[in-house]
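Please open the structure in your viewer and keep the sequence panel beside it, since each stop on this tour begins with a selection.

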Amino acid sequence: MTEPVEVVRTTAPSRDASQMYKAVIASSIGNALEFYDLTLYLYFAVTISKLFFPTSNPTTSLLLALGSFGISYLMRPLGAIVLGLYADRVGRKPALMLSILLMMVGTFMMVVMPSYESIGIFASIGVLAARLIQGFSVGGEFGASTAFMVEHGPARKGFFASFQFASQGLASVMAALSGVILSATLSADQIASWGWRLPFAFGLLIGPVGLYIRRNIAETPEFEDSTEGEATNSPMRDLFVQQWLNILLATGLVATSTALNYMISYTPTYAVNQLGLPSWIGFVASFVGAVMLMTVAPLVGHWSDSIGRTPIMRAVVIAVFVLMFPAFALLISYPALLVIVPVLALIGGLKASYSAALPALMAEIFPTRTRSTGMNISYNVGVTLFGGFAPFWIESLIAITHTALAPSFFLMFAASVSLVCIVLVRRKFGLR
């Protein structure tokens with residue numbers, strides 16, 4: 001057992017309200033752009049596979065395109081460490097500017113990349129490079145942007161930090177609307193030829209706005225104060241020698257949030273493969289889940305500033321235990337739009353409620369000098385284990401148990417991991 005690490009309470013003076021809200025906008029717009037781009041890639045994976053990874057077998061092409069997306073996750077831990085250290089040593093603001101700049105580079109590459117027909121294998125390599133750059137960028141975004149928000153608004157940590165996930169919900173909604181607009185205004189041939197690039201170009205236009213806002217917002221007062229006495233030249237050593245338990249606990253806290261999130265993303269595949277529903281129903285359900293995340297998270301984040309983070313998060317994991325099995329049993333018995341949408345609304349509401357309180361609690365676990373790096377590492381390890389591999393775990397459970405109820409088992413397992421960590425966080429840090 002490591003020695004308890006004192007939780008740093010914010011004592012730095014608060015900036016005026018305009019600075020606080022600028023900090024939220026600066027963090028949210030970049031976060032939304034990054035997840036908007038990632039979601040777009042999945043939505044247009046079939047088109048991308050034909051243009052950049054053509055083979056004689058369409059399935060092989062799609063697997064290559066999705067494999068390029070999956071490989072980007074390998075860069076997230078590296079981005080988490082490099083950009084996290086940069087944020088803890090140099091500042092939150094420079095790290096956020098670098099993160100959004102890298103995302104713009106990756107998005108620009110997707111907009112202008114010639115097809116395989118034009119430049120051959122270099123097109124495939126270019127798309128893969130774009131995914132790696134964006135994976136690196138996303139890996140470093142969570143810790144820096146969350147630290148930026150909570151340190152600008154210490155009295156309203158829960159509310160401000162909840163926009164970390166509300167902006168992800170906004171990104172999913174924007175990506176879905178882009179797909180709907182393209183489908184309604186362009187033919188299938190036009191989308192396949194050039195139309196798919198338009199949503200990426202729209203994201204590229206947003207990028208400079210986010211960069212400008214981040215450039216013109218002040219550094220957090222808490223970080224500026226820490227450079228005078230609390231800063232360390234070896235945040236990695238401090239994390240893994242003195243705060244390794246903090247990392248494990250924070251990783252476990254992420255489990256429920258990311259498992260619920262990727263269940264929402266996995267729904268279109270689950271609806272087709274296990275329920276025999278048309279794919280559009282799964283996408284509608286996922287859209288509902290994204291809307292719930294976008295709208296509910298700020299409300300619950302505000303509430304968490306009054307009653308605490310852990311009571312809300314504990315209530316959600318208990319609800320997962322109680323509700324997920326009967327919800328999937330109902331879905332399997334009555335596979336229809338009028339059933340899957342309420343189920344995804346439930347999952348989206350649980351995800352939003354849990355995630356709204358999560359970033360502020362994670363920020364309170366780590367002291368200022370290691371906050372960005374610690375949150376980045378914990379978040380990206382948790383996302384990889386319980387999110388990136390979620391479809392794999394769920395499909396494996398279905399194959400082993402021979403029941404379409406398997407997703408509920410996975411969600412309940414993730415909830416049990418988080419519940420243990422919530423209890424330990426309360427005991428170790430005295431946080432509520």
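Begin by selecting helix H6, residues 121-152, and within this helix pick out Glu141; as you look, bear in mind that the model is predicted. Is Glu141 buried or exposed? Glu141 has a relative accessible area of 1%, and because buried means under 20%, this residue counts as buried. Now show the side chain of Arg214 as well, and you will find that a polar contact of 2.6 Å joins it to the side chain of Glu141. If you leave aside residues up to four places away in sequence, the residues that Glu141 touches include Ser27, Gly30, Asn31, Glu34, Leu96, Ser99 and Asn376, along with Arg214.

Stay with H6 and add helix H3, residues 58-89, since each of these helices supplies at least two residues of the lining of the largest cavity. To see that lining, select Leu38, Ser72, Tyr73, Arg76, Gly135 and Val138; H3 gives the most to it, with three residues. The space inside the largest cavity is about 30 Å³.

For the last stop, select helix H14, residues 309-333, and place a distance between its end C-alpha atoms, which are 36 Å apart. Why does this agree with the length of the helix? At 1.5 Å a residue, the 25 residues of H14 should span 36 Å, so the two values agree. Then centre the view on Leu323, where H14 has a kink of about 40°, shortly before the proline Pro326. Finally, colour the buried residues of this helix, among them Ile312, Val316, Val320, Met324, Ala327 and Leu331.

Technical notes:
Residues are numbered from 1 along each chain as its sequence is written. This is a predicted model: local features need pLDDT of at least 70, side-chain atom pairs count only at pLDDT 80 or more; totals for chains, interfaces and linings use all residues. Side-chain values use heavy atoms; hydrogens and water are left out. Helices (H or I, at least four residues) and strands (E, at least two) are DSSP runs, numbered from the N terminus. The expected span of a helix is 1.5 Å times one less than its number of residues. The bend at a residue is the angle between axes fitted to the seven residues ending there and the seven starting there. Buried means under 20% relative accessible area, exposed over 50%, partly exposed in between (1.4 Å probe, protein chains only). A polar contact is a pair of N or O atoms within 3.5 Å; within protein, one must be able to donate a hydrogen and the other to accept it, and residues adjacent in sequence count only if both atoms are side-chain atoms. Contact means heavy atoms within 4.5 Å. On a 1 Å grid over the protein atoms alone, a cavity is a set of points where a 1.4 Å probe fits but cannot get out, and a pocket is an open set with protein on both sides within 12 Å along at least five of seven lines; lining residues have an atom within 4 Å of a point. Grid points are joined across faces, edges and corners, and a volume is the space filled by probe spheres set on the points.
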